[in-house]
Each structure stands twice: as structure tokens, then as C-alpha cells.
Amino acid sequence: MARLLAETADLLEIDGGDSFRIRSYRRAAESVEQTTIDMAAIAADTAQLLAVPGIGKGMAAHIQAIVSTGSLPLRDELLARYGAGVLELLKLPGMGPKTVALLWDAARIATIDQLEQAIEAGRLVGLPRMGAKQIEKLHKGIQDYRRSAGRFRLDEAEDAAARLSAYLLHFKGIHKVTPAGSFRRGRETVGDLDLLVTGPACAPEHTAAAVEYVAAYPAIHDIIAKGENKVAFHLASGMQVDVRLLPSASYGAALQYFTGSKAHNVSLRQRALKMGYTLSEWSLARLSDGSTVAAATEEEIYAALGMDCMPPEMRENLGEIEAAAHHNLPQLIQRSHIRGDLHMHTTATDGRNTIREMAEAAIQQGCQYIAITDHSKNLAMTNGLDEQRALEHIRRIREVNEQMEGRIRIFPGIEVDILADGRLDLDDEVLAQMDIVIASVHTRFEQSREDMTARILRAMENPHTRILGHPTGRLLLRREPYALDMGAVLRRAAELGVAMEHNAAPERLDLNDRDLRMARELGCPVVICTDAHDAQHVARFDYGIRQLRRAWFGPQDVLNTLPASKFLAALRPGPSHHAPPHVQPLGRKA
Ligand code: DGT
Ligand code: CA
Ligand code: CA
Ligand code: ZN
């Protein structure tokens, strides 16, 4: 419902519609997206609809149309005029309705393909607001979009898996639903969702009813394939889902096989062959007579191959097979090891909740300490803090810290912008008041590799910088990382003791697994943070924990597994303000 409303607003804007009308659709879309009310359930009752903020009389009628017909007449009308391709154009980085309108008016461009051809034929040159730089940006945006098209973020896959599992478990003979594939391995994005289903209704030759039940899932957009024990389909989001029904006797073999990765499986099968076995999605069996060695659980299969069963996050054929065979798999970090969150925003800038609310949410999530780190003034669109407001803010943080009476410790902090030349956005005297200074890049992503590397190195040289925030600036499937010599940054960070953030927000998840491994090898400290802009975001540690596990991190490799006082001591020591220069250390005076 929210998507249809927001798309209608976009289409109206492309159409040059009345700005008041456009805003009313946008407001309704946001409201529908945010509300906890079941809009479909109350749709028949106009009075209840009107009680939802942002919903007026006209909008109530549109919502009723969506619920009864699944579509919105104005949106259909506009789509008939411009084609569905304009909605895809809007997914390109930096592309808004105004630019789409310009492209349509000036060159009748209404799809990504047409835009690409127009760029390559030089037909955009000379259009208003289309400098050479802008055109090149669009071209690169198309390439980035194509590369990521068809993949989905971990949180999107998780959401789809949870809904579908709940539906499947309603069926009488379905007892267990387990996600496999890249989702189970915790990869930052997934191509499709693989779900394994078992129970009496999945016994061979008796699957027909269960298959029909799967295929009747209301959220299915179209069915790709339907077989005896498999249904593949698309959801409205475009996400592909492969559901497989399996007898419990071979569940472990199937789970092992469909978890992958492909490279891990290839390696494992070679090992099986050397031992005189054959490994398939049905079983581990003897080559000699085909008799089953193990099939019901993954543990039995790995044990029969002389191995420990490793966590799915490790199964990428990056040394885990040897480690499991030598029985020296590392202990991986878990959610329960994390004791604090160091990156949080509040209503002072672009967060949705107060300091107090964030602290309560963190307590719920088992945190013993947090840092409140709002934005600095350079990020004007977030209402970033200037020096004076930053000082007022940390006074309030200290007050709330007192009020918490030891239930949690709240460190005053800031996420200070790294300016284009590498200076920090706030005065050193102000930064000196903060326990946690996260320095982050939020602007000028297009700098050259040399400039960006120099910029970040300079920011780390500031003695107040304790953490480098979301170190690559990527937004998964939307914005590529900026060009950066990560090795140089990590080496210098290790020398200075500046910690790298692993940002657990599911749209970021940087550093990625490869960079995390490099950080550990170089001895660079690492913290994991949620970058919460909402009290609910504090629960998002899990996405990041899975990336740390993919990089084989143990609890000892992450600083915020330490209790509060040890954590502060392990961070880069603050600069000399702790011991002003005019005070001579004891016993040193001549
Ligand atoms: P994705 O969906 O692209 O994010 O990545 P996966 O790993 O989920 O790949 P997918 O969905 O094609 O297949 C799921 C698992 O099934 C995969 O991790 C390993 C197994 N698998 C699929 N095809 C093959 C194959 O041809 N050979 C082997 N050994 N395993 C396969
Ligand atoms: Ca998959
Ligand atoms: Ca698949
Ligand atoms: Zn940030």
C-alpha cells in the first residue's frame, strides 16, 4: 500500500502535478509505512481510516480502492501514459522525479535502456542541468544498478523468510522450515531465498497437498516452477524463492547441500570421494554398494567425513574444511558477547527517539553501555550540531546518564563529519569533551582514490578521532564504496589505535568480510555498532555479527565485547587534555 502511494506521488511529480496533491500522497505513503495499525483490516471503516495521521477523505477512498482491487486508479492511469520503465529509472542513484520529467520532456526517455542509449549516443549533451559530470554519473549509476539488480539485502530476505515460514507452518503436516543458501550463510545480499520444509506432509509421493498449499501463498507474484517436491516463485518485490519439501530422513543432507556455498560443496565432495563415499542432496553414501552412511543431520554427515560441523557463515571454501578436519575451528563471536553500542542518533539530529528512549532500548538488548553520537553541523540536512549545541547535548547526555542510576552507562559522543580536506567539522576543544568521537565521511564521495585516502588519513591523525565510522560509505545495492586505499588506512589505524567500525545497519555492513580479515591481520582494533536512528534499530546487531563471523572473528577480536571501563581503556587514549601540558608528571621534574 505504501509503495503504491509513493509511486503515485512520484508519477504525479513526473507528470508535473500539483505540489499539494503530490505531498498528500507522500504523506499518506509515509504514514501507512510507519503505522502499526492493520490498514487492510480497518479499510472498510472510513472513520477509522480518517483517524490515521496523514489520511484525508480523498486518500481514504484511494486506500479502500487499493484494498478492494489491489491497485490505485490514478497510478494505473499515469503508468499507462509513461510506462512502468519510469519507476525503474527512479531506482538509479541520484535520479528523482524532476530528472525523469526532464528526460521525458526533452528526449522521450522512459526506460533505463533508452537512457543508456541516449547517453552513449551523446544525446543528453546540452540538456538543462546535464553537465558532462552529471551525465557520467548517470552512466556509472546504470552500471552499478545492473550489477546489483536482482539481489536483495539480508533484512529484506529475513523479512520475506519470516512471513513465508509463518504461513508454511500453518499447514498441518509441515513441522519445520529452515532457510538455506546464501541467506543461511549470512551473506550481505542474497540472490534468491532457499527454504527447506519438512514434516509428514513432505514424505515422498505424498507431497501433492503441501505443494498446492505452498503455491497458494497469497504474496506470490508468479510461479516459476512447480514439481513433486519443489515450488519456485517470485514475490511482488521481484525476489525469487525456492521452496523444497523433504523427508526428514534426508533433511541433513539437503540442508548441507542447499546451504552451500557451491565452492564449499565441491571441496567437500572431493573429500568424500577420497574416503570412498559419494555426497548428494539425499545422503552421504558408500561408493561400493550405495548404502547410506549419514543423511538425517549435518553433524552426522560432517562427522562421517572426519570433520567438526562448522557454522554456515564459514562455508565459503576459505580454509574451513581443513580447520574442521583438524578439529581446530575457531570460536566465533555471538550476539551475546556484545556489551555496548557506540553509534546512536537521537532527535537532536536525524534520530527518531530521545537519549532516554535509546538507553532503554539498549538495556532491552542487553547493552551495559552506549554512546550517543549525533551528527555535526556539516550535515545540515540532519540538523547537525554546531559547537554550542554539541556542548549542550553532552550536558543532557550526562544528565540522562545520572538518571539511569547505573542501569546503563551513557558515553557522550559525536559522529563528526570528515570535511573534504580531512579536517574534522568541530573544534578540538569541543571534541575533547567527548568520550567517543566517531569520524565519518558523508559528503564528496566522488573524490579520487588519492584524495579520499589522504582525507581519511588526515582525519585519523586528529588525536580526538577514536573510531572511523562506516569506513567505505557504501549503501548496499545503491551506492558503491568510495575509492580508497583500505590497506593504507588500516595500517595507519593500527599504529594510531583508531578503531574501525563494522556498521551493522543492514544497508551498510562495512567493513565487509575481506576488509575485516585484513583489519585483524594488521592488528587494527574493530568495534561493531548499530548506527541506530530509531530505538528499534538497536536490535540490528545480528546482521553485523554474521559478517564478523564470516570473517572468522572471535569475541577477543572486537573491542565492545569488553565491559565499559576496560572498553574505554582499550580505545585510543585521549589526547593530552587529560594531562594538561603545564602539569608535569610526578617524578619527572629535574
Ligand atoms: P545466491 O542465491 O546467489 O545468493 O547464492 P546461493 O549460495 O544461495 O546459491 P543458489 O541459490 O543458487 O543455491 C543454493 C545452494 O545450493 C548453493 O549455495 C549450493 C547448492 N547448489 C546449487 N547449485 C549447485 C551446483 O550446481 N553444485 C553444487 N555443488 N551445489 C549447488
Ligand atoms: Ca539462494
Ligand atoms: Ca536458489
Ligand atoms: Zn554516519
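Where does T346 lie? In this predicted model, T346 sits in the loop that runs between β11 (340–341) and α18 (355–364). Here are a few points to look at as you go through the structure.

1. Start with that loop residue. T346 is buried, and its relative accessible area is 1%. Setting aside neighbours within four places in sequence, its contacts are G351, N353, T354, I355, M358, I372, D374 and H393.

2. Next, have a look at helix α8, which covers residues 97–107. Its buried residues are P97, T99, V100, A101, L102, L103 and W104. The cover over them includes α1 (2–14), α2 (19–34), α6 (73–82), α7 (85–89) and α9 (112–120). Just after α8 comes R108, with a positive phi of about 55 degrees, a backbone value you may like to check.

3. Now for the metal site. The calcium ion (ligand 3) is coordinated by OD atoms of D192 (listed twice), D194 and D242, at 2.3 to 2.7 Å. Along the sequence, the spacing of these donor residues is D-x1-D-x47-D. D192 belongs to strand β4 (residues 192–198) and D242 to strand β7 (residues 240–246), so the pair ties together parts that are 50 residues apart in sequence.

4. D192 also has a second partner: this residue bridges the calcium ion (ligand 3) and the calcium ion (ligand 2), and the two ions lie 3.7 Å apart.

5. Finally, is D242 buried or exposed? D242 counts as buried, because its relative accessibility is 7%, and the cut-off for buried is under 20%.

Conventions
Residues numbered from 1 in each chain as written. Chains lettered and ligands numbered in written order. Predicted model: local features only at pLDDT ≥ 70, side-chain atom pairs only at ≥ 80, totals over all residues. Heavy atoms only, no water. Helix = DSSP H or I, 4+ residues; strand = E, 2+ residues; numbered from the N terminus. Buried < 20%, exposed > 50% of the residue type's maximum accessible area, 1.4 Å probe, protein only. Contact = heavy atoms within 4.5 Å. Donors = N, O, S within 2.8 Å, 3.2 Å for Na, K, Ca; no water.
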